[in-house]
Amino acid sequence: MSAALLRGLMLAVLVACGTAAHAVIKCQDGETTAYGDAPCPGGTRLKLENQPAPPRDAAKRLEQEKKEVREMQRSRRHREARIDKEQQRAARSAAVVERRCTRLARELRWAEQDAAAAAGKRAARARLKAVRANETYEETCRHRAGLKIGTGG
């Protein structure tokens, strides 16, 4: 092939590709609508509007908005970390109180058992110890108010 013929053929292919890429044909067949770049019987050619160019400061605004989003995410992470710390601290504190209440309940139970088993001078002293253990338990462990700890003696 000669160079002129080859150039002409390439130009024809480029022109054909260029025009086909811009043409949009709307084809309707009953209730079905299809869009394509190849003509069809009864198809209508649609004119596509060029989209307006984005404003000049769009890239700058986009970067600013991304920066704001990153700052909000960082702030949210810090807030969530602070809340998690507070919840962990509260859980540790509740565990300490619960352990103390368990110990006081055990001491109250023992004091009431000792008071029930004591006789003579030791009985009055054991009852006083049980009453004080009960007061300490109730004062410290109000959250367990409805629970029966002692033996009832």
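Which are the buried residues of helix 2? Keep that question in mind as you open the viewer, and remember throughout that this is a predicted model.

**Stop 1: helix 2**

Select residues 58-117 to light up helix 2. This helix has 60 residues, and the distance from its first C-alpha to its last is 87 Å. At 1.5 Å a residue you would expect 88 Å, so the span in the model is close to that value.

Now for the opening question. Color Cys-101, Leu-104, Ala-105, Leu-108, Ala-111, Glu-112 and Ala-115: these are the buried residues of helix 2. To see what they pack against, add residues 121-140 to your selection; that is helix 3.

**Stop 2: helix 3 and its two sides**

Stay with helix 3, which has 20 residues. Its first and last C-alpha atoms are 29 Å apart, close to the expected 28 Å. Which residues of helix 3 are buried? Select Ala-123, Ala-126, Ala-130, Ala-133 and Tyr-137 to see them. Turn the view until you look down the axis of helix 3: these buried residues fall within an arc of 85°, so they line one face of the helix. Helix 2 is included in what covers them.

Next, rotate to the face of helix 3 that is turned away from the buried side. There you can pick out the exposed residues Lys-121, Arg-125, Arg-132 and Glu-139.

**Stop 3: the nonpolar core**

How many residues does the largest nonpolar core have? It has 13, and Tyr-137 and Cys-141 are those with the most contacts inside it. Helix 2 and helix 3 each supply at least two residues of this core. Helix 2 gives the most, with six residues. You have already met Tyr-137 among the buried residues of helix 3, and Cys-141 comes up again at the next stop.

**Stop 4: the disulfide**

Show the side chains of Cys-101 and Cys-141. A disulfide joins these two cysteines, with a distance of 2.0 Å from S to S. A search of the whole structure finds one disulfide, so once you have found this pair there is no other to look for. Is the link left-handed or right-handed? With -110° about the S-S bond, the link of Cys-101 and Cys-141 is left-handed.

Zoom out a little to see where the two ends sit. Cys-101 lies in helix 2 and Cys-141 in the segment after helix 3, so the pair ties together parts that are 40 residues apart in sequence. Are these cysteines buried or exposed? Cys-101 has a relative accessibility of 0% and counts as buried. Cys-141, at 1%, is buried as well.

**Stop 5: salt bridges**

A search of the whole structure finds six salt bridges. Here are some to select, with their side chains shown.

- Asp-57 and Arg-61: the closest N and O atoms of this salt bridge are 3.7 Å apart. Asp-57 is partly exposed, at 35% relative accessibility, and Arg-61 is partly exposed at 44%.
- Glu-71 and Arg-74: in this salt bridge the closest N and O atoms are 2.6 Å apart. The two residues are three residues apart in helix 2, so about one helical turn separates them. Glu-71 is partly exposed at 39%, and Arg-74 is partly exposed at 38%.
- Arg-82 and Glu-86: the closest N and O atoms of this salt bridge are 3.7 Å apart. Both residues lie in helix 2, four residues apart, which is about one turn of the helix. Arg-82 counts as partly exposed at 47%, as does Glu-86 at 41%.

**Stop 6: Asp-114 and Lys-129**

For the last stop, select Asp-114, whose place is in helix 2. Asp-114 is partly exposed, with a relative accessible area of 46%. Now add Lys-129 and draw a distance between the two C-alpha atoms. What separation do you expect for Asp-114 and Lys-129, 15 residues apart along the chain? Their C-alpha atoms are separated by 9.1 Å.

Terms used:
Residues numbered from 1 in each chain as written. Predicted model: local features only at pLDDT ≥ 70, side-chain atom pairs only at ≥ 80, totals over all residues. Heavy atoms only, no water. Buried < 20%, exposed > 50% of the residue type's maximum accessible area, 1.4 Å probe, protein only. Contact = heavy atoms within 4.5 Å. Core = buried A, V, L, I, M, F, W, Y, C linked by side-chain atoms within 4.5 Å. Arc of directions from axis to C-beta. Salt bridge = Lys/Arg side-chain N within 4 Å of Asp/Glu carboxyl O. Disulfide = S-S within 2.5 Å.
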